[in-house]
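Work through the following exercises with the sequence and the model at hand. Each task is followed by a solution that proceeds step by step.

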Amino acid sequence: MLVAATLAAAAAAVAAPVALQTSSTAQSAAPYTLVTREGRRALAVARSNGQDMFRLDELAAVFGLTVREDTLAGGLTISLDGRTIVMSPGRNLASVGGRLISLPAPAVREDGAWLVPVDFVSRALGPLSATRIDLRKPSRLVIVGDLTVPRVDVRLDAEDAARARLTFEVSPATPHTVTLESGRLVVSFEADAVDPRLGTIRRGPLVAGVTPEAAAPAVAVELGPAFASYRAVDVEGGAGAERFVIEVVGTAPATPPGAPPDPPGPEAAPLIALAPSGDLRAIAIDPGHGGAEDGACGANGTLEKDVTLAVARRLESAIGRRLGIRVILTRDGDETVALDERAERANNNKADLFISLHANASTARAAAGAEVFHLGLEEYGGEAERASRASGVALPVFGGGTRDIEMIPWELAQARYFDRSAALAGMVEEELRQRVPMSPRALQQGPFRVLVGANMPAIVVEMGFLTNPDEARALTSEPFQNAVVQALLEGIIRFRDAARRD
Amino acid sequence: MRRYLIAGLAIALVAAVVVWLLVVAVPRWYAEPPAEPPAEAGPAPEPGETRKIHATLYFVSPGGLRLVAVEREVPYGEGLAEQARRIVEAQIGDAPAPYAAPFPAGTSMRALFVTDRGDAFVDLSREASSRHPGGSLAETLTVYALVNALTVNLPAVSAVQILVDGQEVDTLAGHIDLRQPLPRNLRWVENPDAPVQQ
């Protein structure tokens with residue numbers, strides 16, 4: 001196939017990133033990495049109007065495209081193996097082999113070079129070439145062909161001078177090996193590449209950092225000066241587990257100073273007790289809106305973003321007090337946080353539940369009552385259904401003329417939790433019903449943007465209508481906010497207890 | 001001579017169809033709420049006449065919690081995209097009493113395309129988002145009023161994606177995912193099978 005051959009040549013020939021000339025309008029941004037069976041290379045990224053863009057001439061060189069510019073009409077024709085993409089400047093729609101697709105931004109010409117949104121490769125080029133092209137924006141990867149590129153989330157759960165615990169979550173589950181090589185623990189995966197999501201790992205005496213390996217599908221744990229030994233624990237499923245833990249043990253005594261050091265061995269008690277799988281360790285609370293986004297506005301001038309933050313803080317302290325569970329607030333102040341970022345903060349902190357707090361609005365002042373929403377399956381069609389049935393997070397399959405939407409399974413993390421989210425929503429709704437007024441149809445599903453990427457049971461709670469004068473007053477009052485907090489707390493406890501029984 | 005004969009027969013046939021539509025089909029539509037959307041079966045346009053079709057539009061109930069299906073007259077549009085535009089224009093306009101409009105005042109339609117797969121892309125002016133009152137419910141009703149108005153009246157439209165000011169958007173007001181075409185959803189409609197006759 002022409003694409004593969006061209007890619008092979010391009011990947012072999014180009015080792016260094018292609019430098020992008022910055023201009024007055026386009027700014028360069030961190031490059032994407034193109035991963036093919038033949039190797040990797042960098043793809044330069046320019047920022048234009050807030051969008052990440054690829055240079056069309058670079059894509060043409062890499063993928064063997066022919067680009068023709070229609071100077072009269074101002075259009076662009078991009079062809080590959082006799083099939084064409086037609087783009088019109090100023091329009092974010094493109095015709096791919098006769099089918100219309102939408103892009104987040106139109107193609108723009110800057111300094112004599114055409115720039116196209118990064119989504120162009122997955123939405124236009126993938127279907128055109130019938131090759132799977134997977135665009136992973138958070139890790140800035142473009143994966144071409146049927147490659148196994150598991151997503152590897154690493155978090156440092158606990159660290160002191162004596163021991164540290166690193167949890168790895170791998171999706172889809174991929175066999176791995178752990179080896180100790182000159183001061184580093186190398187975790188290698190049987191895959192073509194890895195998509196590491198390392199978050200922020202604080203430098204400590206045992207773990208100095210976690211870095212992706214440049215040349216191999218592996219992640220390296222840089223060990224600190226206090227390192228003595230390590231132990232890899234497969235939490236479930238053996239060497240092909242989707243979740244495993246590496247415990248790093250230090251030379252410092254774990255017991256108070258003066259006591260003899262307790263040498264770690266197989267007979268030693270677990271360093272850190274692993275909670276049973278049904279238990280909750282962390283809960284993400286998402287105060288809706290914030291910063292530039294006021295959300296709904298009450299008759300009395302109350303802003304939704306203020307109400308949601310106030311209730312979130314009350315809930316945070318109630319959960320800490322009553323349950324002793326870690327709470328992650330997706331924002332803790334009047335800041336603008338993108339909807340993807342909210343789910344991402346919950347995911348990166350390994351929250352076990354995601355609760356998004358909102359206040360409602362209606363065209364009618366009479367509309368009143370709390371409502372609980374969870375993500376509905378039917379709005380996302382077949383993609384979600386397939387993702388929800390898959391045992392792990394299925395890798396996306398692109399190309400072949402199927403509809404290319406951004407809602408690919410790995411991004412639709414919530415698909416695996418439809419049932420549990422519905423159960424959580426039901427319990428929270430029942431607890432709310434005992435304490436606050438409810439709308440006539442208080443339990444609903446819908447395509448909620450903030451829930452889509454949440455990798456855990458997730459719900460939206462609309463506490464009441466700010467457009468209703470009585471409810472606007474209640475929403476800012478302490479008794480009402482406490483009633484909502486109490487209902488959420490009881491709902492969380494019921495959900496936890498039900499999960500323990502399963 | 002023979003050609004004239006064929007032309008004459010064709011004209012007679014068209015006339016017969018038009019008469020049948022006017023005498024039999026149209027009164028039938030008036031007589032009972034249409035189970036089938038009427039737009040597809042709309043008669044051929046006649047020049048110089050502003051034809052109307054009956055379409056089911058969706059407005060917010062007086063209580064503010066549901067959509068109400070209301071049957072309204074909408075200008076006839078030649079072809080699928082044109083008919084879709086006429087329906088959207090009526091849907092984003094004022095609501096008949098006692099209902100409320102699901103779209104913010106000042107919202108207009110910038111463009112509309114229908115793909116050969118039946119996905120309609122409706123590009124609305126920025127008011128659809130900037131003047132939206134917010135709230136999950138109000139936003140849900142806004143989105144599904146438009147999605148349902150197109151998918152219910154035009155069987156060739158299977159899903160609708162709303163764009164704002166020429167751009168693909170995440171949401172209108174922070175809740176409902178607009179990154180892909182949404183299929184019809186009548187769960188929010190009070191009377192999906194029996195539109196209010198206006």
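**Exercise 1.** Determine which residue in E23(A) stands opposite A:Ala284, and place the pair in its sheet.

*Solution.* A:Ala284 stands opposite A:Ile328 in E23(A), helices (H or I, at least four residues) and strands (E, at least two) being DSSP runs numbered from the N terminus. Strand E22 (residues 282-287) of chain A and E23(A) pair in the parallel sense over 4 bridges, where two strands pair if DSSP finds at least two bridges between them. The next step is to widen the view to the open sheet, in which 6 strands follow the order E23-E22-E24-E27-E25-E26 (chain A) with mixed pairing. Its edge strands are E23 (326-329) and E26 (438-446) of chain A, each of which pairs on one side only, and the twist averages 20° from one strand to the next. Helix H4 (residues 304-322) of chain A packs on this sheet and touches E22, E23, strand E24 (353-360) and strand E27 (458-465) of chain A, its direction making about 160° with that of E22(A). Axes here are lines fitted to C-alpha atoms, for helices over the stretch in contact, and angles run from 0 to 180 degrees between N-to-C directions; contact means heavy atoms within 4.5 Å. H10(A) also lies across E22, E24 and E27 of chain A, and runs at about 150° to E24(A).

The model is predicted, so that local features need pLDDT of at least 70 and side-chain atom pairs count only at pLDDT 80 or more, while totals for chains, interfaces and linings use all residues. Residues are numbered from 1 along each chain as its sequence is written, chains are lettered from A and ligands numbered from 1 in the order in which they are written, and side-chain values use heavy atoms, with hydrogens and water left out.

**Exercise 2.** Describe how the axes of H7(A) and H10(A) cross, and list the residues that meet.

*Solution.* Two packed helices are described by the angle between their axes and the distance between the axes. The axes of helix H7 (residues 418-433) and helix H10 (residues 478-501) of chain A come within 8 Å and cross at roughly 140°. That angle makes H7(A) oblique to H10(A), because angles under 35 degrees count as roughly parallel, over 145 as roughly antiparallel, 65 to 115 as roughly perpendicular and the rest as oblique. On the side of H7(A), the residues that meet H10(A) are A:Arg420, A:Ala423, A:Leu424, A:Met427, A:Val428, A:Glu430, A:Glu431 and A:Leu432. Their counterparts in H10(A) are A:Val484, A:Ala487, A:Leu488, A:Glu490, A:Gly491, A:Arg494, A:Phe495 and A:Ala498. By class, this contact has 10 nonpolar, 1 polar and 5 charged residues, where Ala, Val, Leu, Ile, Met, Phe, Trp, Tyr, Cys and Pro count as nonpolar, Asp, Glu, Lys and Arg as charged, and the others, Gly among them, as polar.

**Exercise 3.** Decide whether A:Thr167 is buried or exposed, and name its contacts.

*Solution.* A:Thr167 lies in strand E14 (residues 163-171) of chain A. At 1% relative accessibility, A:Thr167 counts as buried, a term that means under 20% relative accessible area, with exposed over 50% and partly exposed in between (1.4 Å probe, protein chains only). If its neighbours within four places in sequence are left aside, A:Thr167 is in contact with A:Asp153, A:Val154, A:Arg155, A:Asp157, A:Arg243, A:Phe244 and A:Val245.

**Exercise 4.** Establish how E5(B) is covered and which strands pair with E5(B).

*Solution.* In strand E5 (residues 159-164) of chain B, 6 of its 6 residues are buried. In a regular strand the side chains alternate between the two faces of the sheet. One side of E5(B) carries B:Ala159, B:Gln161 and B:Leu163, the other B:Val160, B:Ile162 and B:Val164, and all of these are buried. Turning to the partners, strand E4 (residues 119-124) of chain B is joined to E5(B) by 6 bridges and runs parallel, with B:Asp119 having B:Ala159 as its bridge partner. Strand E7 (residues 182-183) of chain B pairs with E5(B) in the antiparallel sense over 2 bridges, and B:Val160 is partnered there by B:Leu182. Strand E6 (residues 167-168) of chain B is likewise joined to E5(B) by 2 bridges and runs antiparallel, the bridge partner of B:Val164 being B:Gln167. In the hairpin of E5(B) and E6(B), with 2 residues between the strands, B:Asp165 takes a positive phi near 55°.
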